[in-house]
Amino acid sequence: MKSTKAEKGRGAPVAPSVSSANGDRKVVAYDALTAKRLTEIPANAWKLGGGDAGAYLVGPAWFDPQVNGFAGVDYQDPAITGEALERSVREIHARGCSHILATIITAGDDQIASQFRKLGKTLDESAFLREAIVGFHLEGPFISPEPGYRGAHPAAHVEGKAGEPSWDRFSRWQDESGNRIRLVTIAPERKGSLEFIRKASSSGVVVALGHTNASVEEIQASVDSGATLFTHLGNGVPMLAPRHDNIIQRVIGIPGLSVSLIPDGIHLPPFLLSNLSRALGSRRVLFTTDCVSPAGCPPGRFRLGDLEVEVGEDRVVWNPDRTSFAGSALTMDAGFYNCIRFGGMSADGAWRGWTWLRRRMFPALKPPMLAIPFPEIAIGS
Ligand SMILES: [Zn+2]
């Protein structure tokens, strides 16, 4: 008797959640930003996976302001080719993300200049790349030299004068890039930062603070000078920091700063992603993968600039001495779902967090529509 019951249970077909009278599958769709029901998925929408999904969210394809590499392609690689860059962008598109800022991190001055020249030239030669890579993000070298705050950025290029914001040095890199640096992350406690922030922001470059141990006063002064963002809050922080007066708490208290978070469940444990999302609110929070070349690849060893990074089954990207993360292996679609699964965000809030910065930085861009499978029960919950 028992075994018959068990077999019956095992063999029971799973009923489709939504079906029409003639047995065809009926798809329901919701506007991702308003949660209102749509009559259909737009015919030209990018459709992610989920062939038998019953419900979809539909909205503008996503934007990621910090992509260091993807699908085995390292954007810091001096030998990068247009073909490799296009391959990585196609994989990013397949994850629902239409636009990125390709990110260059701390290196020697000449190395930064030649990489911007290389990437700029590559974009000059490809309309496909120019459409997808809407600018560059320079993270460093004008950041904190202190261990922990510096993260995986090479010490030799952030210590002393090398790490002090310099408009002349930046202008050289901007020229080499073909005027494509649209975002720069700096630490405002470095000498000369306020003048740099004023010049950068008045030239149309968005200034983010990050990899910093700035005081409340220093952060506020940089906001007053034109800084508007904070890069990956909760990372670029030592393992042990003061319990009250620390960079995370200081930044939460400055309403003029919007904040990017990395929703991989590793850079921020799920509860912290949720706490920070709620504390900041959907008007201040935005998401990024900060992904490096292992994103979208199986575990292995990968290059990230001068570093060799290692990725195991746990998808954690360690720098070689395992003292800090060196970017993430997160893909944009996984990041979006994480924002809802454990990030304390509603579906519409999460979607905003993956798109609003593009609207602000590039208001003329018309992103393609994206449709992603989504359980109906989660709409508006
Ligand atoms: Zn960083």
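**A guided tour from strand β8 outward**

Begin by selecting strand β8, residues 97-105, where 9 of the 9 residues are buried (a residue is buried if 20 or more other C-beta atoms, placed from the backbone, lie within 10 Å of its own). Strands, like helices, are DSSP runs numbered from the N terminus: E with at least two residues for strands, H or I with at least four for helices. The model is predicted, so local features need pLDDT of at least 70, side-chain atom pairs count only at pLDDT 80 or more, and totals for chains, interfaces and linings use all residues. Residues are numbered from 1 along each chain as its sequence is written.

Next, add strand β5, residues 62-67, which pairs with β8 in the parallel sense over 4 bridges; strands pair if DSSP finds at least two bridges between them. Two positions show the register: Trp-62 has Cys-97 of β8 as its bridge partner, and Asp-64 has Ile-100. Then add strand β9, residues 133-139, which runs parallel to β8 and is joined to β8 by 6 bridges. Here Thr-103 is partnered by His-137 of β9.

Widen the selection to the whole sheet, which is open, has 8 strands with parallel pairing, and follows the order β5-β8-β9-β10-β11-β12-β13-β14. Strands β5 and β14 (285-287) are at its edges with a single partner strand each, so one side of each has no neighbour in the sheet.

Now select helices α3 (residues 109-124) and α5 (residues 167-176), which pack at an angle of about 25° with axes 7 Å apart. The axes are lines fitted to C-alpha atoms over the stretch in contact, and angles run from 0 to 180 degrees between N-to-C directions. Helix α3 is therefore roughly parallel to α5, a term for angles under 35 degrees. On α3, show Asp-109, Ile-112, Ala-113, Phe-116, Arg-117 and Gly-120; on α5, show Arg-169, Arg-172, Trp-173 and Glu-176, which together make the contact (C-beta atoms, placed from the backbone, within 7 Å).

Move to the other open sheet, whose 5 strands follow the order β2-β1-β4-β18-β3 with mixed pairing. Its edge strands are β2 (37-38) and β3 (46-47), each pairing on one side only. Strand β1, residues 28-31, pairs with β2 in the antiparallel sense over 2 bridges, and Tyr-30 stands opposite Arg-37 in β2.

Finally, colour by pLDDT, the predictor's confidence in each residue from 0 to 100. The protein averages 90, and 91% of the residues score at least 70. Residues 1-23 stay under 50, and the model has 10 contacts for them beyond four places in sequence.

Definitions and conventions. Contact = placed C-beta atoms within 7 Å. Buried ≥ 20, exposed ≤ 12 C-beta atoms within 10 Å, placed from the backbone. Parallel < 35°, antiparallel > 145°, perpendicular 65-115°, else oblique.
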